[in-house]
Amino acid sequence: MRPYVVTDGRSEPSRNTLDLVTLLIATDDLPLTGLSPEKRALMELCRPGALSVAEVAGHLSLPVSVTKVLIADLMDSGHIVTRAPIPSARPTEARILQEVLDGLRARL
């Protein structure tokens, strides 16, 4: 199926806030009736837990640009909420770790 058919002819999402690593979480309180087969499949993918935009695009075998249009539609209707990915932990300073180790050794 052609991408423009899946997106109703649109090439840009209504929101420009989606990165490849944005996490998608499906809401459980809205019915799936009236959704296109692609949107319904996207919802089913996200129902067990959060998936990234890139993962959803891969599972649906759709280009990321098309997937973003579908996600934005589902966000607008309240079916999907997004969350920024969990930031990676910053490396700790060796000095702080050494002080903790010294303190533990002093107490033992």
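A residue is called buried when its relative accessible area is under 20%. In the predicted model described here, T67 has a relative accessible area of 0% and is therefore buried, given the cut-off of 20%. T67 belongs to helix α4. Leaving out residues up to four places away in sequence, T67 touches L42, V53, V56, A57 and L62.

Two of these contact residues, L42 and V56, also appear among the residues with the most contacts inside the largest nonpolar core. That core has 20 residues, and the others in the group with the most contacts are L24, M43, C46, I71 and I80. Two or more residues each come from β1, α2 (37-46), α3 and α4. Helix α4 gives the most, with five residues. In soluble globular proteins, nonpolar side chains tend to be buried together.

L24 illustrates the surroundings of a core residue. When neighbours within four places in sequence are set aside, L24 is in contact with C46, V56, I71 and I80, which are likewise listed among the core residues with the most contacts. The other contacts of L24 are G49, A50, L51, S52, V53, V81 and T82.

The strands form an open sheet of three, in the order β2-β1-β3, with antiparallel pairing. The edges are taken by β2 (51-52) and β3 (80-83); each has a single partner strand, so one side of each is left without a neighbour in the sheet. Strands β1 and β2 run antiparallel and are joined by two bridges. In one pairing of residues, L23 has S52 of β2 as its bridge partner.

Outside the core, a nonpolar patch lies on the surface. The patch covers about 230 Å² and is made by L20, V21 and V64. L20 sits in the loop between α1 (3-6) and β1 (23-26). L20 counts as partly exposed because its relative accessibility is 45%, which falls between the limits of 20% and 50%.

The loop between α3 (53-60) and α4 (64-76) contains S61. With a relative accessible area of 65%, S61 is over the 50% limit and so is exposed. The backbone of S61 is also notable for its phi, which is near 55 degrees, a positive value in a residue other than glycine. Most residues other than glycine have a negative phi.

Technical notes: Residues are numbered from 1 along each chain as its sequence is written. This is a predicted model: local features need pLDDT of at least 70, side-chain atom pairs count only at pLDDT 80 or more; totals for chains, interfaces and linings use all residues. Side-chain values use heavy atoms; hydrogens and water are left out. Helices (H or I, at least four residues) and strands (E, at least two) are DSSP runs, numbered from the N terminus. Buried means under 20% relative accessible area, exposed over 50%, partly exposed in between (1.4 Å probe, protein chains only). Contact means heavy atoms within 4.5 Å. Patches are made of residues with over 30% relative accessible area and no salt bridge: like charges are joined within 9 Å, nonpolar side chains (Val, Leu, Ile, Met, Phe, Trp, Tyr) within 5 Å. Accessible areas come from the Shrake-Rupley method with a 1.4 Å probe; for residues, only the protein chains shown count as cover. A salt bridge is a side-chain nitrogen of Lys or Arg within 4 Å of a carboxyl oxygen of Asp or Glu. Two strands pair if DSSP finds at least two bridges between them. A nonpolar core is a set of buried Ala, Val, Leu, Ile, Met, Phe, Trp, Tyr and Cys residues joined through side-chain atoms within 4.5 Å.
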